[in-house]
Amino acid sequence: MAEQLPLPALLSQALVAFTIEFDNEFEHRMPHTTTDHGATGPRGGPWLVSMAMWFNCMQFIGEEPMPVAELLRRARTGTNLDGMRRWGYVFLESASGDAKRRPQEVWRPLPAVIEDRWRERFGAAGIGQLRASLWALAAQAEAEVPDCLPILGPGLFSGRKQTYPRRTPEAGPDPGPAGLPLPALMARVLLGYAIHFERRSPLSLAICANVLRILDSRGVRVRDLPAGSGVSKESIAMTMGILTKRDLVTVGADPAGGRGKVARLTPRGQTGQWAYTDGIATLEQKSAERFGADAIARLRAALEALVGDPGDPAASPLMQGLEPYPDNWRADVRPPRTLPHYPMVLHRGGFPDGS
């Protein structure tokens with residue numbers, strides 16, 4: 001039987017691909033500044049951030065001042081507000097009073113722009129099936145979750161340390177599948193999986209799905225982990241700190257004499273890896289019991305059409321839309337060999353691969 005990715009991994013790869021394509025377009029259209037690549041345009045612009053910061057912050061901020069508590073209420077999740085101030089998004093006028101191009105004007109149409117590209121690339125019927133399948137699950141959510149994955153908290157958890165209010169009739173009608181951007185639908189369903197997984201797991205889904213999954217007792221070179229997992233060196237460093245502190249992984253010299261360090265699962269780490277594999281399979285089985293086997297099968301089929309052969313992630317149809325513009329920072333780095341099995345949304349701008 002061919003390898004089959006867990007449903008959360010399929011959701012993650014589709015959501016990360018959408019986000020990268022969205023981010024590439026925002027970067028191309030919006031004057032900005034980056035740490036390593038300088039500024040674009042004659043005046044530069046705010047420090048570059050990812051789509052997550054639009055969904056958890058900027059889409060709710062307008063001309064008038066807004067209390068922080070109201071922002072959190074609308075977003076239903078936290079944001080890196082200090083970062084957004086420091087990076088130039090909350091204050092939008094120069095000292096001379098000259099208006100800068102507002103990021104909201106660039107961000108707001110992009111979900112529809114990228115989704116239209118997906119309809120052309122993958123077919124309107126396929127994206128329509130994906131939307132309907134996602135809504136079949138999202139409409140039955142017990143909690144009022146945000147339209148994006150939250151910035152990972154302590155231990156790199158998504159849902160274990162965060163509580164979301166229960167959905168009530170007083171909250172008003174949901175906008176329905178047509179009223180939500182496609183990435184919001186994907187994020188709602190994926191976050192639901194993370195919340196349920198992390199209720200029973202001592203490790204976050206982000207750690208298990210991206211790093212614990214690809215380690216073994218023989219040893220994997222630490223420098224190979226970013227490419228193998230699809231997440232950044234910074235994300236790997238944070239993850240390895242947690243795994244080694246809990247005696248799940250050891251890091252030492254390469255026994256073959258090669259340069260660099262090798263990471264190995266300890267017996268406890270091997271048990272943890274098995275627990276993740278069993279836990280994620282049980283979670284999908286329970287989803288089929290709750291939402292119906294047909295609903296889960298339709299969602300899986302729609303996502304597998306986008307992701308392609310899991311044995312050859314570099315050839316995934318999702319990779320077709322990730323070619324950066326020449327002026328994008330991603331044009332100066334190696335293209336990804338794979339996409340994350342869970343988005344690593346960190347506080348440093350919300351990029352889903354942790355960059």
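Two strands are said to pair if DSSP finds at least two bridges between them. In this predicted model, that rule leads to an open sheet of three strands, arranged in the order β3-β5-β4 with antiparallel pairing. Because β3 (220-221) and β4 (249-253) stand at the edges, each with a single partner strand, one side of each is left without a neighbour in the sheet. Helix α11 (residues 233-245) packs on this sheet and touches β4 and β5. The direction of α11 makes about 105° with that of β4.

The pairing of β3 may be followed in detail. Strand β3 joins β5 (residues 261-265) in the antiparallel sense over two bridges, and R221 stands opposite V262 in β5.

Attention now turns to the pockets. The largest pocket holds about 1,400 Å³ of space. Its lining comprises 36 residues, and W329, V333, R334, D353 and S355 lie nearest the centre. The elements α1 (7-29), α10 (225-229) and α11 each give two or more residues to this lining; helix α11 is also the one that packs on the sheet. By class, the lining of the largest pocket contains 18 nonpolar, eight polar and ten charged residues.

The second largest pocket holds about 850 Å³ of space. Of the 37 residues that line this pocket, G192, Y193, I195, H196 and F197 lie nearest its centre. Helices α7 (124-138), α8 (182-200) and α12 (267-291) each supply at least two residues of the lining. Which element gives the most to the lining of this second largest pocket? It is α12, with eleven residues. The lining as a whole divides into 18 nonpolar, ten polar and nine charged residues.

Technical notes:
Residues numbered from 1 in each chain as written. Predicted model: local features only at pLDDT ≥ 70, side-chain atom pairs only at ≥ 80, totals over all residues. Heavy atoms only, no water. Helix = DSSP H or I, 4+ residues; strand = E, 2+ residues; numbered from the N terminus. Contact = heavy atoms within 4.5 Å. Axes fitted to C-alpha atoms, helices over the stretch in contact; angles between N-to-C directions. 1 Å grid on protein atoms, 1.4 Å probe; cavity = no way out; pocket = protein on both sides within 12 Å on 5 of 7 lines; lining within 4 Å. Points joined across faces, edges and corners; volume = space filled by probe spheres on them. Nonpolar A, V, L, I, M, F, W, Y, C, P; charged D, E, K, R; others polar.
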